[in-house]
Amino acid sequence: AFVAAVATEETLDTLNYWLIAFSAGFIGAGVLFMRILSAGAVGLVAANKYRRIASDVIDFKYLSQAASVGSLCV
């Protein structure tokens with residue numbers, strides 16, 4: 001509900017493209033950690049953690065701009 005309240009149509013489109021990119025990155029990281037590095041379930045958790053951090057940074061950037069408080073955020 002927060003995103004719908006503060007985001008413009010353009011911001012939502014941009015966030016959707018980032019969501020696709022992060023999903024692809026998560027798949028790649030999952031394969032890397034689980035298959036190549038043989039980290040198993042721990043690797044999957046690590047891949048998800050990296051995706052969440054990166055996704056939250058992008059979401060914060062675009063939503064703070066959409067809410068017109070970007071100048072208040074450091």
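Let's start with Ala 47, which is buried, with a relative accessible area of 1%. You'll find Ala 47 in helix H3, the helix covering residues 40-66. What does Ala 47 touch, leaving out residues up to four places away in sequence? The list is Phe 26, Ala 29, Gly 30 and Phe 33. Of these, Ala 29, Gly 30 and Phe 33 are themselves buried residues of H2. There is also a C-alpha separation you can check on the screen: Ala 47 and Gly 25 are 22 residues apart along the chain, and their C-alpha atoms are separated by 8.7 Å.

Before going on, please keep in mind that this is a predicted model. The mean pLDDT of the protein is 77, and 77% of the residues reach 70 or more. Where is confidence highest, and where is it lowest? Helix H2, residues 9-36, is at the top with a mean of 84, while helix H1, residues 2-6, is at the bottom with a mean of 65. Do be careful with residues 69-74 as well, where pLDDT stays under 50. For that stretch the model has four contacts beyond four places in sequence.

Now the overall layout. The protein has three helices and zero strands, so to speak an α-α-α order when you read from the N terminus. Of its 74 residues, 20% count as buried. If we take the contacts with a separation of 6 or more, 54% of them come from residues 24 or more positions apart. The accessible surface is about 5,400 Å², and 66% of that belongs to carbon and sulfur atoms.

Let's walk along H2. This helix has 28 residues and reaches 40 Å from its first C-alpha to its last, close to the 40 Å expected at 1.5 Å a residue. Which of its residues are buried? They are Thr 11, Leu 15, Phe 22, Ala 29, Gly 30 and Phe 33. As a reminder, an α-helix has 3.6 residues a turn, so residues three or four places apart point the same way.

Towards the end of H2 we meet Met 34. Is Met 34 buried, exposed or partly exposed? With a relative accessible area of 35%, Met 34 is partly exposed, because that value falls between the 20% and 50% cut-offs. Setting aside residues up to four places away in sequence, Met 34 touches Ala 39, Gly 40 and Leu 44. Its C-alpha is separated by 10.0 Å from that of Ala 46, 12 residues apart along the chain.

Next is Ile 36, also in helix H2. Ile 36 is exposed, with a relative accessible area of 60%. Together with Ile 27, Val 31, Leu 32 and Leu 37, Ile 36 makes a nonpolar surface patch of about 480 Å².

Finally, have a look at Ser 38, in the loop between H2 and H3. What is its phi? Ser 38 has a positive phi of about 50 degrees, although it is not a glycine. For background, most residues other than glycine have a negative phi. Ser 38 comes just after H2, and it is exposed, with a relative accessible area of 59%.

To put two of these residues side by side: Ala 47 is buried at 1%, whereas Ser 38 is exposed at 59%. Thanks, everyone, and I'm happy to rotate the model for anyone who wants another look.

Methods. Residues are numbered from 1 along each chain as its sequence is written. This is a predicted model: local features need pLDDT of at least 70, side-chain atom pairs count only at pLDDT 80 or more; totals for chains, interfaces and linings use all residues. Side-chain values use heavy atoms; hydrogens and water are left out. pLDDT is the predictor's confidence in each residue, from 0 to 100. Helices (H or I, at least four residues) and strands (E, at least two) are DSSP runs, numbered from the N terminus. Contact means heavy atoms within 4.5 Å. Buried means under 20% relative accessible area, exposed over 50%, partly exposed in between (1.4 Å probe, protein chains only). Accessible areas come from the Shrake-Rupley method with a 1.4 Å probe; for residues, only the protein chains shown count as cover. The expected span of a helix is 1.5 Å times one less than its number of residues. Patches are made of residues with over 30% relative accessible area and no salt bridge: like charges are joined within 9 Å, nonpolar side chains (Val, Leu, Ile, Met, Phe, Trp, Tyr) within 5 Å. A salt bridge is a side-chain nitrogen of Lys or Arg within 4 Å of a carboxyl oxygen of Asp or Glu.
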